[in-house]
Amino acid sequence: MRSAACWNASWAVGWIRSPAISSDRTPTLNDARRKRHMKTSSYSGFFKLSTEERMKEVAEFCGLTQEEQAILKDANSLDMDKADHMIENVIGRYTYPLGVAINFVINGKDYVIPMASEEPSVLAACSNAAKMARPGGGFTTDYTGNIMISQIQLLDVPTPHYAKGKILEHKAQIAELCNAKDPVLVSLGGGVKDVEVRILDSIVGPMVIVHLLVDTGDAMGANAVNTMAEAVAPFLEELTGGRAELRILSNLADRRLARARAVFKKEAVGGEEVVDKMIAAYAFAAADPYRAATNNKGIMNGVIPVVIATGNDTRAIESGAHAYAARSGHYSPFATWEKNADGDLVGSIEMPMAVGLVGGATKIHPAAKVAVKMLGVKTASELAQIIAAVGLAQNMAAIKALATEGIQRGHMSLHARNLAATAGAKGEVLERIVKQMVAEKNVRLEYAQELMKQYQ
């Protein structure tokens with residue numbers, strides 16, 4: 001039984017059966033491993049497998065135990081007691097479908113990437129883009145480091161510019177006061193690495209804003225940097241004669257950037273004409289914030305499901321990314337697209353990626369812990385880079401669909417399937433209803449219900 005999210009996603013996926021594997025049966029990851037004598041996430045026809053068969057393949061690739069497989073299958077793996085300790089006023093739990101993106105090669109390593117999403121076509125499109133990137137070597141990524149910024153707002157400072165100099169003069173003492181609040185982080189190489197001061201004009205007068213630049217290691221770091229800001233505020237008041245008000249991190253994590261890039265061979269994307277059309281589609285987004293907003297939403301279609309699956313903070317990632325996109329005063333795409341001398345499509349992405357592996361839901365939610373194991377990541381840096389690669393892949397797939405057959409064709413098929421299921425159709429009847437609605441371009445719940453009565 002195919003999943004609704006993957007069925008009819010061929011518009012985005014373009015699954016191609018490998019000529020090296022017999023067409024008498026569905027190829028498996030085991031076939032690919034035996035042929036290549038290596039661990040690979042390359043897969044043709046994954047969406048055709050049953051959910052049990054997919055789990056078997058993923059479990060072997062990721063080394064999941066029976067218990068870990070059961071956690072991913074069981075919507076109740078997050079029990080009420082754990083849920084009650086995660087947030088306030090708990091009354092229940094809410095479940096997303098969890099799927100995997102396949103075909104990814106990132107920095108020479110194969111990955112199967114867990115993604116939690118309610119939106120059809122995302123995982124299929126992402127997997128297809130990753131497949132198209134493989135002939136060019138897959139994705140190459142890098143990361144600027146785990147520096148988070150904590151801000152302390154000082155008001156009523158009598159001499160702001162003099163105060164700025166005085167604060168910078170006491171950098172070492174400020175860092176010492178802050179680092180004393182988290183000796184474990186410091187012992188792991190983290191802690192305050194620098195102090196910056198800005199003077200802002202505002203409607204309530206000049207403000208002195210102190211930035212603590214904190215290496216948060218493999219944690220997202222919000223609690224650590226907020227605690228440091230609280231601890232140092234009285235000393236800053238003493239230094240400046242001002243009054244400390246807000247003491248909190250900034251989600252514009254522009255010292256924590258994840259980058260990914262890939263070369264998509266023109267033959268893989270459909271020829272140089274398609275490459276040109278895709279670059280023109282990107283140029284539209286680069287010139288127009290109305291288009292850029294939707295373009296970037298498409299990128300987040302790939303980014304956020306990985307963030308959710310690994311138990312990270314979706315709001316932090318969203319706010320940081322969009323603020324970074326607008327930092328020049330013009331809202332721009334996260335990713336850029338160019339054509340190289342060979343006529344191939346070249347994509348790159350850069351965005352803040354404040355994710356962690358320490359603390360929060362990542363260490364509490366059972367499914368999040370299994371998702372992290374599936375990725376095999378040991379550092380926040382590696383996780384951030386994987387997510388950036390997924391965002392670039394998702395953007396590539398969306399732009400290709402828009403520049404060629406249009407996004408609606410694929411969405412129409414997927415939407416028809418959802419409506420047919422809502423009308424109560426199953427099995428062969430569901431397939432017939434979907435086919436008829438798409439053929440007639442009449443994808444409405446009322447029509448699905450009407451067809452359901454006819455076929456019954």
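**Exercise 1. The end of helix 13**

Helix 13 is followed by glycine 311, whose phi is positive, near 75°. The structure is a predicted model, in which local features need pLDDT of at least 70 and side-chain atom pairs count only at pLDDT 80 or more, while totals for chains, interfaces and linings use all residues. Residues are numbered from 1 along each chain as its sequence is written, and side-chain values use heavy atoms, with hydrogens and water left out.

Task: Determine what span helix 13 should have, and where its kink is centred.

Solution.
Step 1. Helices (H or I, at least four residues) and strands (E, at least two) are DSSP runs, numbered from the N terminus. Helix 13 covers residues 289-309, which makes 21 residues.
Step 2. The expected span of a helix is 1.5 Å times one less than its number of residues. For helix 13 this gives 30 Å, and the end C-alpha atoms are 29 Å apart, which agrees.
Step 3. The bend at a residue is the angle between axes fitted to the seven residues ending there and the seven starting there. In helix 13 a kink of about 30° is centred on methionine 300.
Step 4. Buried means under 20% relative accessible area, exposed over 50%, and partly exposed in between (1.4 Å probe, protein chains only). Because 15 of the 21 residues of helix 13 are buried, the helix is largely enclosed by the rest of the structure.

**Exercise 2. Helices 10 and 17**

Task: State how the end-to-end distance of helix 10 agrees with its expected span, then treat helix 17 in the same manner.

Solution.
Step 1. Helix 10 (residues 222-240) has 19 residues and should span 27 Å; its end C-alpha atoms are 26 Å apart, which agrees.
Step 2. A kink of about 40° lies at alanine 233 in helix 10, shortly before proline 234.
Step 3. The buried residues of helix 10 include Ala224, Val225, Met228, Ala229, Val232 and Ala233. An α-helix has 3.6 residues a turn, so residues three or four places apart point the same way.
Step 4. Just after helix 10, glycine 241 takes a positive phi of about 75°.
Step 5. Helix 17 (residues 380-403) has 24 residues and reaches 35 Å from its first C-alpha to its last, close to the expected 34 Å. Of its 24 residues, 21 are buried, so helix 17 is largely enclosed by the rest of the structure.

**Exercise 3. Two asparagines with positive phi**

Task: Decide whether asparagine 103 is buried or exposed, and in which element asparagine 103 is placed; then consider asparagine 107.

Solution.
Step 1. Most residues other than glycine have a negative phi. Asparagine 103 has a positive phi near 75°, and asparagine 107 has a positive phi near 55°.
Step 2. Asparagine 103 is in strand 1 (residues 98-106), whereas asparagine 107 lies in the loop between strand 1 and strand 2 (109-116).
Step 3. Asparagine 103 counts as buried because its relative accessibility is 0%. Asparagine 107, at 45%, counts as partly exposed.

**Exercise 4. The cavity**

Task: Describe the largest cavity by its volume and its lining.

Solution.
Step 1. On a 1 Å grid over the protein atoms alone, a cavity is a set of points where a 1.4 Å probe fits but cannot get out, and lining residues have an atom within 4 Å of a point. Grid points are joined across faces, edges and corners, and a volume is the space filled by probe spheres set on the points.
Step 2. The search of the whole structure finds 1 cavity of 30 Å³ or more, and the largest cavity holds about 40 Å³ of space.
Step 3. Its lining residues include Asn251, Ala321 and Pro352. Helix 14 (residues 314-325) gives the most to this lining, with 4 residues.
Step 4. Ala, Val, Leu, Ile, Met, Phe, Trp, Tyr, Cys and Pro count as nonpolar, Asp, Glu, Lys and Arg as charged, and the others, Gly among them, as polar. The lining divides into 7 nonpolar, 2 polar and no charged residues.
Step 5. Proline 352 lies in strand 10 (residues 345-352) and, at 3% relative accessibility, counts as buried. The C-alpha atoms of proline 352 and alanine 321 are separated by 5.7 Å, although their positions lie 31 residues apart along the chain as a sequence separation.

Key:
1 Å grid on protein atoms, 1.4 Å probe; cavity = no way out; pocket = protein on both sides within 12 Å on 5 of 7 lines; lining within 4 Å.
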